[in-house]
Amino acid sequence: MPSASTTPSNGEATDYDAIVVGAGFAGLYMLHRLRGVGLRTQVYEAGDGVGGTWYWNGYPGARCDIESLEYSYQFDEALQQEWVWTERYAARPEILAYLNHVADRFDLRRDIQFETRILSAVFDEQSATWTVTLDDGQRVTARFCIMATGCLSSSNLPAVPGMETFDGLVCHTGRWPGAGVDLAGKRVAVIGTGSSAIQAIPEIARDAAHLTVFQRTATYSVPAANGPLDPDLQRRVKADYPAFRLRNSQMPIGANFNHRDVSALAAPPEERDAEYEARWRQGGTSFAAAFNDLLVSEAANRTAADFVRAKVRSIVKDPETAELLAPRQTFGCKRLCLDTGYYATFNRPNVRLVDVNRAPIETIVPGGLIAGGETHALDVIVFATGFDALTGALDRIDIRGKGGLRLKDKWAEGPRTYLGLQSAGFPNLFTVTGPQSPSVLTNMVPSIEQHVNFIADCISHMRDQELTSIEAEATAEDAWVEHVGAIAASTLYPTCNSWYLGANIPGKPRVFLAHLGFPTYVERCREAVAKGYEGFKFR
Ligand code: NA7
């Protein structure tokens with residue numbers, strides 16, 4: 001139960017000043033900042049620990065694909081100095097340890113209620129407050145409601161007939177059992193070949209007696225070249241961490257991928273391939289930043305696609321399997337994956353690839369699954385089938401704004417936000433890295449910090465000015481929705497069925513869900529604030 005009540009400036013008593021939903025990177029920092037501006041803040045988190053994405057995605061091989069020195073908070077110099085990363089790309093346990101350290105260091109746990117889901121959030125126009133209903137039936141009120149619910153937290157579990165009849169274990173990579181899954185000696189299926197599968201497959205293949213991978217779309221993946229983090233590099237970065245952060249914040253995606261401002265078509269083929277080869281060896285997503293037109297020119301795109309396809313054919317020994325694994329869609333319009341031995345895993349005698357386009361999954365039976373008329377005997381079925389990205393976690397909560405308008409209904413044709421921070425008709429409700437902000441197309445941690453800082457500064461401003469509500473203006477929202485769509489339309493992103501477009505979820509409107517470009521976005525936010533929060537209206 002709330003321990004006390006506070007009185008906002010219009011005299012309405014609320015249990016808290018702010019409710020934050022989620023205790024991942026976003027919720028933890030939001031709590032810290034709101035405390036800093038004097039708000040009584042309560043966080044609700046469905047899991048029994050902090051970590052958000054990193055809490056739930058406990059599958060074997062789960063690892064970040066942004067370098068550790070960049071995928072971390074920058075808000076506290078002492079924190080960024082004291083934490084020592086051990087690998088170039090941190091694995092899940094290290095990131096979870098880091099977030100637990102942050103929670104302890106800033107004494108955050110006392111304001112987080114774990115194992116609690118939010119069922120609904122309803123706005124009361126007269127008092128300009130939110131009433132939130134928890135899954136134990138309790139209701140709490142607050143002036144502000146902040147959704148730090150994550151971009152990839154609503155898992156997508158396809159409805160395969162017969163799932164409930166399976167004698168073995170069914171699990172989803174994004175809801176991995178907390179106690180872990182013993183795969184040793186088991187017959188395992190992995191359905192899906194996105195980032196999660198690409199990380200999990202080499203690990204599962206090592207443990208399992210047999211692994212069958214069910215692929216719908218072949219994915220582009222480049223070597224992570226992960227390894228111990230060079231202590232000298234870490235020392236050099238820490239010698240001036242703020243300058244390192246500032247430089248990276250000016251990169252298109254808010255992380256340093258060694259972007260080259262050169263067209264792939266300007267260089268002769270040998271030079272171009274030498275650049276790709278160097279980046280392939282160096283490992284990491286910088287492969288996609290080798291040239292500046294890979295996602296705007298089909299001809300440029302083909303050069304990267306051809307290079308990766310040739311690599312796949314050179315790694316995978318069985319020609320038929322190699323052909324199936326060679327991706328065909330536009331390079332980079334689905335997230336470029338990083339792997340450790342993914343393609344080579346298909347050379348193992350205990351691994352088999354099944355193309356579900358030729359052999360569709362028909363039904364799950366007690367002893368396995370049937371695809372294309374063939375029965376696959378299985379002990380464990382792993383769905384690595386991704387998420388209802390960006391809008392899914394919000395859709396699951398019954399959010400009602402002015403006039404009882406449901407957010408889900410308002411967004412039936414696709415999300416409508418201003419700056420990805422607010423939606424008209426829903427005053428005092430903020431989304432951290434919400435749809436139509438840069439979010440998933442950036443380094444998430446700096447994007448989260450930028451949003452949290454915006455929200456905390458805005459609330460602080462409202463308190464100073466004795467304002468009780470803030471709401472996106474409908475005209476600003478219309479312009480923003482158009483702007484985000486127009487940027488995406490000028491690229492090759494809309495050419496494939498990615499979760500960036502909602503295309504992975506049956507019935508979800510095909511709308512590009514993120515703003516492309518981090519520095520330009522940050523500048524737009526700065527301008528809005530400089531112009532007295534242009535595009536928002538206060539009361
Ligand atoms: P992704 O990237 O959405 O991958 C999901 C995979 O599952 C992908 O290969 C899908 O094929 C496949 N899929 C989805 N539904 C089905 C069905 N019904 N049948 C067969 N195959 C299916 O999710 P991840 O968890 O790997 O990664 C998400 C993000 O997390 C990642 O980008 C990083 O940011 C971290 P499709 O390509 O749709 O044909």
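1. At roughly what angle do the axes of helix α14 and helix α16 cross? In this predicted model, the axes of helix α14, which covers residues 444–464, and helix α16, which covers residues 518–530, come within 12 Å and cross at roughly 5°. Angles under 35 degrees count as roughly parallel, and α14 and α16 are therefore roughly parallel to each other.

2. The contact between these helices can be described residue by residue. From α14, the residues Pro446, Ser447, Gln450, His451 and Phe454 take part, and they meet Phe518, Tyr521, Val522, Cys525 and Val529 of α16. Sorted by class, the contact of α14 with α16 comprises seven nonpolar residues and three polar ones, with no charged residues.

3. Ser447 deserves a separate remark, since it belongs to helix α14 and is among the residues that meet α16. With a relative accessible area of 2%, Ser447 is buried. Once its neighbours within four places in sequence are left aside, Ser447 is in contact with Thr433, Pro438, Ser439, Thr442 and Phe518, and Phe518 is one of the α16 residues named above.

4. On confidence, the protein has an average pLDDT of 96, and 98% of the residues score at least 70. Residues 1–11 should be read with this in mind, for pLDDT stays under 50 over that stretch, although the model has 29 contacts for it beyond four places in sequence.

5. One sheet of the model is open and parallel, with five strands in the order β7-β16-β8-β9-β12. The strands β7 (169–172) and β12 stand at its edges, and each has a single partner strand, so one side of each is left without a neighbour in the sheet. The twist from one strand to the next averages 20°.

6. At one edge of this sheet, β7 pairs with strand β16 (residues 380–383) in the parallel sense over four bridges, and Leu169 has Val380 in β16 as its bridge partner. At the other edge, strand β9 (residues 210–215) and β12 pair over five bridges, also in the parallel sense, with Val351 in β12 as the bridge partner of Leu211.

7. Why can β12 be called largely enclosed by the rest of the structure? Four of the five residues of this strand, residues 351–355, are buried, so β12 is largely enclosed even though it stands at an edge of the sheet with a single partner strand.

8. Another open sheet has three strands in the order β13-β14-β15, and here the pairing is antiparallel. Its edges are taken by β13 (361–365) and β15 (374–377), each with a single partner strand, so one side of each is left without a neighbour in the sheet. With direction ignored, neighbouring strands are turned by 25° against each other on average. Within this sheet, β13 pairs with strand β14 (residues 368–371) in the antiparallel sense over four bridges, and Val365 has Gly368 in β14 as its bridge partner.

9. Two residues call for a check of backbone geometry. Most residues other than glycine have a negative phi. Leu419, however, has a phi near 65°; it lies in the loop between α13 (407–410) and β18 (429–431) and counts as buried at 1% relative accessibility. Glu466 likewise has a positive phi, near 55°, and is found in the loop between α14 and β19 (470–472), where, with a relative accessible area of 62%, Glu466 is exposed.

10. Is Glu477, a residue of helix α15 (residues 474–489), buried or exposed? At 3% relative accessibility, Glu477 counts as buried. Apart from its neighbours within four places in sequence, Glu477 is in contact with Lys410, Arg416, Thr417, Tyr418, Gln422, Ser423, Ala424 and Ala472. From C-alpha to C-alpha, Glu477 is 27 Å from Leu295, a residue 182 positions apart from it in sequence.

11. Asp318 lies in the loop between α9 (298–315) and α10 (319–325). With a relative accessible area of 36%, Asp318 is partly exposed. The C-alpha atoms of Asp318 and Phe346 are separated by 8.5 Å, while the two residues are 28 residues apart along the chain.

Notes: Residues numbered from 1 in each chain as written. Predicted model: local features only at pLDDT ≥ 70, side-chain atom pairs only at ≥ 80, totals over all residues. Heavy atoms only, no water. Axes fitted to C-alpha atoms, helices over the stretch in contact; angles between N-to-C directions. Helix = DSSP H or I, 4+ residues; strand = E, 2+ residues; numbered from the N terminus. Parallel < 35°, antiparallel > 145°, perpendicular 65-115°, else oblique. Contact = heavy atoms within 4.5 Å. Nonpolar A, V, L, I, M, F, W, Y, C, P; charged D, E, K, R; others polar. pLDDT = per-residue confidence, 0-100. Buried < 20%, exposed > 50% of the residue type's maximum accessible area, 1.4 Å probe, protein only. Pairing = 2+ DSSP bridges.
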